[in-house]
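Open the model in your viewer and keep the selection box handy. We will go from the whole chain to single side chains, one stop at a time.

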Amino acid sequence: MAYEMESIRLSQAVFYYLLKNSELTESKEPDLFKAYVENEDVMNLVKSQGEIADCMIECYGNTVYIMPNISNHHFGYSKAELKRELCKSGATDKEYYLSQFIILTLLAEFYDGQGIRCKSRDFIKTGELQNIVSERLRTGIEAEAEIETTGLDYQSMSEAFESLKSDDKNSRKKTTKEGMINTIIDFLEKQSLITYIQEDEMIKTTGKLDNIMEMKLLNKKNYSRVMRTLGVMEDEQN
């Protein structure tokens, strides 16, 4: 299929903008946004460039996002890179999986995957998150049948969490529970997925994360799988 040069030029401008800014909003760049949503050729060309770059291009509401696929280690993070970002020096796999478990727990607390509005709360305090993580790990250890079905090693993750020291709530040391959680919060904030109000120790989600969870990731099947992974039975969800 032959495309007009203007469509090609606009698609390149949109894709380059997304590479630089991660998102394209109608309010900031109305012309580029209009070109993407109203010109099918431009949209197809941008999505094609995204496929070549191993990325997804999606429009939610008045924002276009570029999101690296799981296999994309150029625009995204490899396991080794994430381990360095989120875990203490010399961390093993169990510390890495613990960090992912904390992120998963945070998401599950904000989004319940039910009804028209999947978001179930507007904020969570860091202390509450720490307590929920501890409780979810204990629940996972106790539910041996669930461990077999999810394939998660709750015992190792719990040992990794409990081996971390307890320090003051504002600690940034990755060798403490509070420091690991704060490191994860800082990382998610850099990705524009959450905002953290330090004086209130309050975590809030951004519109970007709400859109991604609402439109792409959450449905009843996915939500149930997440909750089973966290050790929550079906009757506990209702």
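Here is a tour that starts with the overall picture and then moves through cores, surface, salt bridges and backbone.

**Before you start**

This is a predicted model, in which local features need pLDDT of at least 70 and side-chain atom pairs count only at pLDDT 80 or more, while totals for chains, interfaces and linings use all residues. Residues are numbered from 1 along each chain as its sequence is written, and side-chain values use heavy atoms, with hydrogens and water left out.

**Stop 1: the whole chain**

Show the cartoon: the chain has 12 helices and 6 strands. These elements are DSSP runs, numbered from the N terminus (helices are H or I with at least four residues, strands are E with at least two). Buried residues make up 45% of the 238 in the chain; buried means under 20% relative accessible area, exposed over 50%, and partly exposed in between (1.4 Å probe, protein chains only). Among contacts with a separation of 6 or more, 53% are between residues 24 or more positions apart, where contact means heavy atoms within 4.5 Å. Switch on the surface and you are looking at about 13,100 Å², with 50% of it supplied by carbon and sulfur atoms. Accessible areas come from the Shrake-Rupley method with a 1.4 Å probe, and for residues only the protein chains shown count as cover.

**Stop 2: two nonpolar cores**

Which residues touch the most other members of the largest nonpolar core? Select Ile 102, Leu 137 and Ile 203, which do so in a core of 35 residues. A nonpolar core here is a set of buried Ala, Val, Leu, Ile, Met, Phe, Trp, Tyr and Cys residues joined through side-chain atoms within 4.5 Å. Elements giving two or more residues to this core include α6 (126-142), α8 (154-163) and α9 (177-190). Helix α5 gives the largest share, 7 residues. Apart from this core lies another one, of 17 residues, among them Leu 10, Ala 35, Val 42 and Ile 66.

Now centre on Leu 137. Beyond its neighbours within four places in sequence, Leu 137 is in contact with Leu 98, Phe 101, Tyr 154, Met 157, Ser 158 and Phe 161.

Next, select Leu 45 in helix α3 (residues 40-52). Leu 45 is buried, with a relative accessible area of 16%. Not counting residues up to four places away in sequence, Leu 45 touches Tyr 3, Ser 7, Ile 8 and Ser 11.

**Stop 3: Thr 105 and Lys 177**

Go to Thr 105 in helix α5 (residues 93-110). Thr 105 counts as buried because its relative accessibility is 1%. Its side chain reaches the backbone oxygen of Phe 101 at 2.8 Å.

Is Lys 177, in helix α9, buried or exposed? Its relative accessibility is 8%, so Lys 177 counts as buried. Measure in your viewer from C-alpha to C-alpha: Lys 177 and Lys 165 are 6.1 Å apart in space and 12 residues apart in sequence.

**Stop 4: a surface patch**

Select Tyr 16, Leu 19 and Phe 75, which form a nonpolar patch with about 290 Å² of accessible area together. Patches are made of residues with over 30% relative accessible area and no salt bridge, with like charges joined within 9 Å and nonpolar side chains (Val, Leu, Ile, Met, Phe, Trp, Tyr) within 5 Å. Phe 75 sits in the loop between β3 (63-68) and α4 (79-86).

**Stop 5: salt bridges**

With a salt bridge taken as a side-chain nitrogen of Lys or Arg within 4 Å of a carboxyl oxygen of Asp or Glu, the count comes to 9. Start with Lys 79 and Asp 93, whose side chains meet at 3.2 Å, N to O. This pair links helix α4 to helix α5, 14 residues apart.

Move on to Lys 119 and Asp 210, at 3.3 Å. Lys 119 lies in the loop between α5 and β4 (124-125) and Asp 210 in helix α10, so the pair ties together parts that are 91 residues apart in sequence. Both Lys 119 and Asp 210 are buried.

Finish with Glu 128 and Arg 121, bridged at 2.9 Å. Salt bridges that share partners join Glu 109, Arg 121, Glu 128 and Arg 136 into one network.

**Stop 6: positive phi**

Most residues other than glycine have a negative phi. Select Ser 192, with a positive phi of about 60°, in the loop between α9 and β5. Then try Glu 201, where phi is near 55°, in the loop between β5 and β6 (202-205).

Technical notes: Polar contact = N/O pair within 3.5 Å; in protein donor to acceptor, adjacent residues only side chain to side chain.
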